[in-house]
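Student: Could we go through this one together, question by question? I'd like to see the reasoning behind each answer.

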Amino acid sequence: MKAKIQEVIDHVEQSEQLKVESKPLILEKLNEWKNEDNAINDIAVRFENWWLEMQPIFDELGWK
């Protein structure tokens, strides 16, 4: 998992699509996740919570 997170870090550092001022915050969080054994759980919970908030909106739009 750490190797995959490092791959994302490398991509963020080289990305021209992210705002320069956004990169340090993104990289800080990614580095925290890389050093945590439970990082994948944290990411999964965040996406699950996001989905629970967004699902009713997608349902209203007919996006299933």
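**Aromatics first, then the rest**

Tutor: Sure, and keep in mind that this is a predicted model. Let's start with Trp51, which counts as partly exposed at 37% relative accessibility.

Student: Okay, so which helix is Trp51 found in?

Tutor: Trp51 has a relative accessible area of 37%, so we're talking about a partly exposed residue. As for its place in the chain, the element spans residues 39-61, and that is helix H3.

Student: Which residues make the nonpolar surface patch?

Tutor: Two tryptophans are involved, and both are partly exposed: Trp50 has a relative accessible area of 44%, and Trp51 has 37%. Patch members need over 30% relative accessible area, so these two clear the bar. The patch covers about 330 Å², and its makers are Trp50, Trp51 and Leu52.

Student: How many aromatic pairs are there, by the ring-centre rule?

Tutor: Rings pair if their centres lie within 6.5 Å. Apply that here and the count comes to four aromatic pairs.

Student: What is the geometry of the Trp50 and Trp51 pair: stacked, tilted or edge-to-face?

Tutor: The ring centres of Trp50 and Trp51 are 6.5 Å apart, with the planes at 45°. Under 30 degrees would be stacked and over 60 edge-to-face, so the rest of the range has its own label. For Trp50 and Trp51, that makes the pair tilted.

Student: And what about Phe58 and Trp63, stacked or tilted?

Tutor: Phe58 and Trp63 sit 5.8 Å apart, centre to centre, with 25° between the planes. Planes under 30 degrees apart fall in one class, so the Phe58 and Trp63 pair is stacked.

Student: Of Phe58 and Trp63, which one is buried?

Tutor: Buried means under 20% relative accessible area, and exposed means over 50%. Trp63 comes out at 54%, so Trp63 is exposed. With a relative accessible area of 16%, the buried one is Phe58.

Student: Which residues form the aromatic cluster?

Tutor: We've already met two of its pairs: Trp50 with Trp51, tilted, and Phe58 with Trp63, stacked. One aromatic cluster takes in Trp50, Trp51, Phe58 and Trp63.

Student: Switching to charges, which side chains meet in a salt bridge?

Tutor: The count comes to one salt bridge. Its partners are three residues apart in helix H2, which means about one helical turn separates them. Both are partly exposed, Glu32 at 31% and Lys29 at 27%. With 3.3 Å from N to O, the side chains that meet are those of Glu32 and Lys29.

Student: How far apart in space are Leu25 and Ile43?

Tutor: Leu25 lies in helix H2, residues 23-34, and is exposed with a relative accessible area of 60%. Leu25 and Ile43 are 18 residues apart in sequence, and C-alpha to C-alpha they are separated by 16 Å.

Student: Now the whole chain: what is its radius of gyration?

Tutor: The chain has three helices and zero strands, running α-α-α from the N terminus on. The globule rule gives 11 Å for 64 residues, and the chain's value is well over that, so the chain is more spread out than a compact globule. Its C-alpha atoms fill a box of roughly 35 × 30 × 15 Å along the principal axes. The radius of gyration is 15 Å.

Student: Last one: what share of the residues count as buried?

Tutor: The cut-off is under 20% relative accessible area. The accessible surface comes to about 5,500 Å², with 55% belonging to carbon and sulfur atoms. Of the 64 residues, the buried share is 19%.

Key
Residues are numbered from 1 along each chain as its sequence is written. This is a predicted model: local features need pLDDT of at least 70, side-chain atom pairs count only at pLDDT 80 or more; totals for chains, interfaces and linings use all residues. Side-chain values use heavy atoms; hydrogens and water are left out. Patches are made of residues with over 30% relative accessible area and no salt bridge: like charges are joined within 9 Å, nonpolar side chains (Val, Leu, Ile, Met, Phe, Trp, Tyr) within 5 Å. Accessible areas come from the Shrake-Rupley method with a 1.4 Å probe; for residues, only the protein chains shown count as cover. A salt bridge is a side-chain nitrogen of Lys or Arg within 4 Å of a carboxyl oxygen of Asp or Glu. Helices (H or I, at least four residues) and strands (E, at least two) are DSSP runs, numbered from the N terminus. Buried means under 20% relative accessible area, exposed over 50%, partly exposed in between (1.4 Å probe, protein chains only). Rings of Phe, Tyr and Trp (its six-membered ring) pair if their centres lie within 6.5 Å; planes under 30 degrees apart count as stacked, over 60 as edge-to-face and the rest as tilted. The radius of gyration is taken over C-alpha atoms; the globule rule is 2.2 Å times the number of residues to the power 0.38.
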